[in-house]
Every structure is written in C-alpha cells, then in structure tokens.
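Open the model in your viewer and keep the sequence panel beside it. The stops below are given in the order in which to select them.

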Amino acid sequence: MSLPAGIKWTEAETAFDRDHLWHPYSSMAQPAQVWPVARAEGVRLYLEDGRVLLDGMSSWWSAIHGYQHPQLDAALQSQISQMSHVMFGGLTHQPAVELGRRLVALTPPSLDQVFIADSGSVSVEVALKMAVQYQQARGLKEKTKVAALLGGYHGDTLGAMSVCDPQQGMHRLFRAGLPEQVFVPRPSLAYGEPWQEEALAPLEQLLQNQHHQLAALILEPVVQGAGGMYFYHPEYLRQARWLCDAYDVLLIADEIATGFGRTGHLFACEMAGIEPDLMCVGKALTGGYMTLAATLTRRDIALTISQGEAGGLMHGPTFMANPLACRVACASLDLLLENNWAQQVAGLEAGLKAGLAPLVGHPAVAQVRVLGGIGVVQMHHPVEMARLQPACVEAGIWIRPFNRLIYMMPPYVMSAADLAQLTASLVQVIEQVYAPTSSAVAAAPLLR
C-alpha cells in the first residue's frame, strides 16, 4: 500500500528511514541504500519514484504466488470480519484446525502432531526444545546437545543461532553466550556428483563418539540456504536418517526455505525418501502474506514429552495460531495444489538454467547452479553491494545478494517471458559490473 491520498514520499520519509529505522543486517552508522515501494502486484514491485522491478526474491522466498493475489486477499478479508486474533491458550478456532489438517496431509505420514509458531526461527526453537524435552522425559538426562552441519543456517534467535555455522556464519559475535552445540563438516559431495561412502565418515564418527550427549541432529535437507546456497547429495540425507536411528538421535529437518515445492519436490526430504522425526516449515506457508511457521513431529514423541516432568511442551507464543495467518496459510496451500506447483517449479528450473547459462565461464563467476526454483551465481569474490544492487534496480530487477552469492528464487507464478527478462537483465548487470579482464579464471560447469 502506498502513502494515504494526498501524502507523497518525500526526502523527509527517506531521512526518517535512514536515521531511525534499522533494516535487516544493516548499519545505522553507514546505512545502505533502500528503495521505497509504493505497492506490489503479481511479480512486480512498484517503487515510489515510478520505476517497476521484477521480483527475483519472492520477498526472501515467501511470496510464491506473487503479490496481491485475489484468493489470498479474499481469505484475509473474510477472516478479519470474524476475528483477527484470540489467544490459543485454552481456546481454539477453525482456521487453526483447517491449517493443521492441511499440514498433516501434506507432510510425511508419521508427522501428525502440529505446533503452530510465529516464524521460522521460532519453529526451530520449538524443535530444539522438543528434542531436549523428549530425551529428558525418557530419562536420558545427558542428551542435551544438538549436532548441526557447518554451513548451515537456522535463524537469528538464540537457540537457532546456536546451531548455525559458528565459524563462517553471521553469529560469531554471540558464540560465548550461546548454548554449546556440536558441529560436523558440511556434506562434501555436491548435488549431482557420484556418491562415495567416505562422505559420511565425519557424521558417522561424530554420532558414534558423542551420541550419548546428543538429543538431535538438525540439518537443512539437500539445500543449505542462507549459509551458502549449497546443494548437497541426497544420499547423505538418507544415510543421516539411518545413522540417527542407529545411535538413538532425533533428526530435525529444517524445511523452512525448501518446503512447499521450492526444490522441485514438495519437501526436500522426499529427494532421499526419508521422514524426519521433527520438521520445521515457514516462509512460503502463508504465500508471503503474514509471518507464520510450524513444527511437526510424531505422536509418540509428543506423548513422551507430555508425560514427562513438565507435563507438556514448554513454549507458547502470544500470537500462536493467529487466525488471520492460519486462514491465509490455508488459502495459500490450496492455491499451491490448484496451480500445479510441480509444473510451475519445473518451468522456473528450465528458465533459470537457460537464462543463467551465459554466465558459465565468465571470469568473475566461480559457478552457476540451479535446483528447482533456485538459481545461484557464485562469484569468486564477495559481491560489491554498493555497485551491484543499484545496477540491478536500474535494470528493472530486484535481487538481494550476499557474500559471494547472487541468487534468485522467483515467485512460482512468474511467466517464462518475465523469467527470461529477469535472468537476461542479471546477466547484463554482471557483465557490466564485472567486466572480463586478462586474468580470467575458468568457471565450473552449470550444475542442476
């Protein structure tokens, strides 16, 4: 929504934003440039200055149906006429029940207990607490730590930060104040490489040596997102499931970024044919309309927790199962199925492969890789955001690079023509910003 009628975006709004509003991962001493959005519709962002941008980010991977979708708008309008919120403690409501039914139907069959959370990071917190409470309720008091993969990212709250990469991740400053967890090298074999059993050795050794103190292993299945957009071999996930069973360690699948079709599978765990003990979902759950997430687990785990010392799971957000968010999530999941998400994502994959192919071999580019609706251009050196981002805006596209990665996760509803324009514009920007030099470095081939 733009400013109310008669009020225009002026330098005063820009100045207030710059001087008082803290944007994600930003400095108030040297604020980065931001671009005011007047409205968003379909796959386009309409800026206050009149420029129009094709959205290559789905608002951090959540707006899979685009913006201002009539079915999602209608769901919110219908719900708000009944109630916008009631506490979930001691009360319940139809939107929460309907959402629970959909999640139980869509996720692996064993996951039939649903905790509806505020955000993806909170759903990870809940999963970690579930894992520890479960082991405590079994009388295994020493199983209090969680194993995680280097290169992983699970959120910005304290518990979630404790299982993010402690070396290369963004939370190094907080290490002294975080719960101490256990880490294993990220899977060494990339997606598409031949499987080798030795790739499993670090995880197997860790579980063999430390399973007595581990409540769970948490990982992002197949795709490590904000930790590096790294795609690893699905067999690693299948073997991790077997090892967790062998050593009595719960497996937590963080499907917040990968869930609801982004990889070309409804959930990335399907690539390995496994069912985790706990699963976190979020981001695309509401189609980008409102913040909402969920943690799912098995009934035996839920009953064990409930029969333990505490008598229940010790977590309860104020806005848990917000009716507005639950209602629009139901509508978004219905729309996902109606729109044939698999065909949509296959179209994105084909378009990303074709559109980004010209960057293979560019001297500034280390690798181009595509999986489902995820397209990644990995540079040899960290991205010069102050140059690249404005150049993309000038080219009429919106992406948000980080570190050495320039990546896209377009809305599922983006047409082939718009996707071709999005990728062509990005190719043009990279060719302009990173003009080839005589010290060209050969790039890796385009990967699936």
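The tour goes from a helix to the cysteines and then to a surface patch.

This is a predicted model, in which local features need pLDDT of at least 70 and side-chain atom pairs count only at pLDDT 80 or more, while totals for chains, interfaces and linings use all residues. Residues are numbered from 1 along each chain as its sequence is written, and side-chain values use heavy atoms, with hydrogens and water left out.

Select residues 416–433, which make up helix α13. Helices here are DSSP runs of H or I with at least four residues, numbered from the N terminus. Helix α13 has 18 residues and spans 26 Å from first to last C-alpha, close to the expected 26 Å (1.5 Å times one less than the number of residues). Now colour its buried positions (under 20% relative accessible area, 1.4 Å probe, protein chains only): among them are Asp418, Leu419, Leu422, Leu426, Val429 and Val433.

Next, show the cysteines. How many disulfides are there? Counting pairs of cysteine sulfur atoms within 2.5 Å, the total is zero. Select Cys164: its closest cysteine sulfur, in Cys280, is 12 Å away, too far for a bond. Cys269 also has Cys280 as its closest partner by sulfur, at 11 Å, again too far for a bond. Cys164 is buried at 3% relative accessibility, and Cys269 is buried at 1%.

Finally, select Trp60, in helix α2 (residues 58–61). Trp60 has a relative accessible area of 40%, which makes it partly exposed (between 20% and 50%).

How values were computed: Helix = DSSP H or I, 4+ residues; strand = E, 2+ residues; numbered from the N terminus.
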